[in-house]
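The following exercises concern salt bridges, burial and nonpolar packing. Please work through each task before reading its solution.

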Amino acid sequence: QTRAIHHKNGPMLVLAGPGSGKTLVITERTKYLIEECGIDPAQILVITFTKAAATEMKRRFQRKMNRSCPVTFGTFHAVYFAILKHAYNYSADNIAREEQRYQCMREIIAKEHLTYEDETEFITSLLGEISLVKNSGIEIANYYSKNCAETVFRKVYRQYHEFLYKNRLIDFDDMLVYTKELFEQRADILAAWQNKYRYILIDEFQDINKVQYEIIRMLAGKGDHLFIVGDDDQSIYRFRGARPEIMLGFEKDYPEAKKVILNTNYRCSEEIVEGAEHLISHNTKRFPKN
């Protein structure tokens, strides 16, 4: 833990097993960067996957600091939406509400005369597939739908986007896609955000998807101050586009990256740890660790 906390320059991969203190490491390292390295708190970005996790991490950090610090704690979507707000003057009104998305899909389904057993389940599955296409960066022409014929799914996909565009709305997946496009097309805007967030710490990295990672790579520049924490053994979100192999390939993308393994579980009994260890050891595509 101390080695990870005191790491300053160059990319770092922290493999944090269950109950090994990853939140402690991230909050203590953020404190260390500010107090010992003299880093401006406003230049530090801490990203995690859920709003609850980001709120809890911020609360624990501020308790350690005993003062308010302008470190940014947020989810991928919150951070990327903040970038889009600056670029396009978006507000919360531009985020498509769940009921708007479902009503749009009901109208498309009726228009295309699609058959289903359960309407809500069918719409949820279609929206899930649209989300997967965007998060995976798959070309729509190369995607094969599980819910309907390819030509029909492409029509549904197109009409859904026409609805969003016409009403100047974006969904959560668009936040990622539009940020990636913005950074690719506007080097000046990318440079401004790179200058703002010089130190990037990411929690639960095993759950990152392709588009999220591509944006982070652009935002991190050379990756000199990219600090990722996660556990490939705890990845469970492949069904919604998570790519644990991104974490497995991190050292190829950043050959100079240092690695620390947090392999002491302070949370569970020996029996639970041994049982989990025995089961997960059958996975062939994982970082070797005990």
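**Exercise 1.** In this predicted model, determine where the partners of the salt bridge between Lys22 and Glu204 lie and classify their burial.

*Solution.* Step 1: the side chains of Lys22 and Glu204 form a salt bridge with an N to O distance of 3.0 Å. Step 2: Lys22 belongs to helix α2 (residues 22-35), whereas Glu204 sits in the loop between β4 (199-202) and α10 (210-219), so the pair links distant parts of the chain, 182 residues apart. Step 3: buried means under 20% relative accessible area; Lys22, at 19%, therefore counts as buried, while Glu204, at 23%, counts as partly exposed.

**Exercise 2.** Which parts of the chain does the salt bridge between Asp174 and Lys134 tie together?

*Solution.* Step 1: the closest N and O atoms of Asp174 and Lys134 are 2.8 Å apart. Step 2: Asp174 is in helix α8 (residues 172-185) and Lys134 in helix α6 (residues 119-136), so the bridge ties together parts 40 residues apart in sequence. Step 3: both Asp174 and Lys134 are buried.

**Exercise 3.** Locate Asp231 and describe its surroundings.

*Solution.* Step 1: Asp231 occupies the loop between β5 (226-230) and α11 (244-248). Step 2: its relative accessibility is 3%, so Asp231 counts as buried. Step 3: beyond neighbours within four places in sequence, Asp231 contacts residues including Gln206, Met247 and Lys289.

**Exercise 4.** Which helix gives the largest share of the largest nonpolar core?

*Solution.* Step 1: this core has 40 residues, and Phe76 and Tyr80 are among those touching the most other members. Step 2: helix α4 (residues 76-88) supplies the largest share, six residues.

Definitions and conventions
Residues numbered from 1 in each chain as written. Predicted model: local features only at pLDDT ≥ 70, side-chain atom pairs only at ≥ 80, totals over all residues. Heavy atoms only, no water. Helix = DSSP H or I, 4+ residues; strand = E, 2+ residues; numbered from the N terminus. Buried < 20%, exposed > 50% of the residue type's maximum accessible area, 1.4 Å probe, protein only. Contact = heavy atoms within 4.5 Å. Core = buried A, V, L, I, M, F, W, Y, C linked by side-chain atoms within 4.5 Å. Salt bridge = Lys/Arg side-chain N within 4 Å of Asp/Glu carboxyl O.
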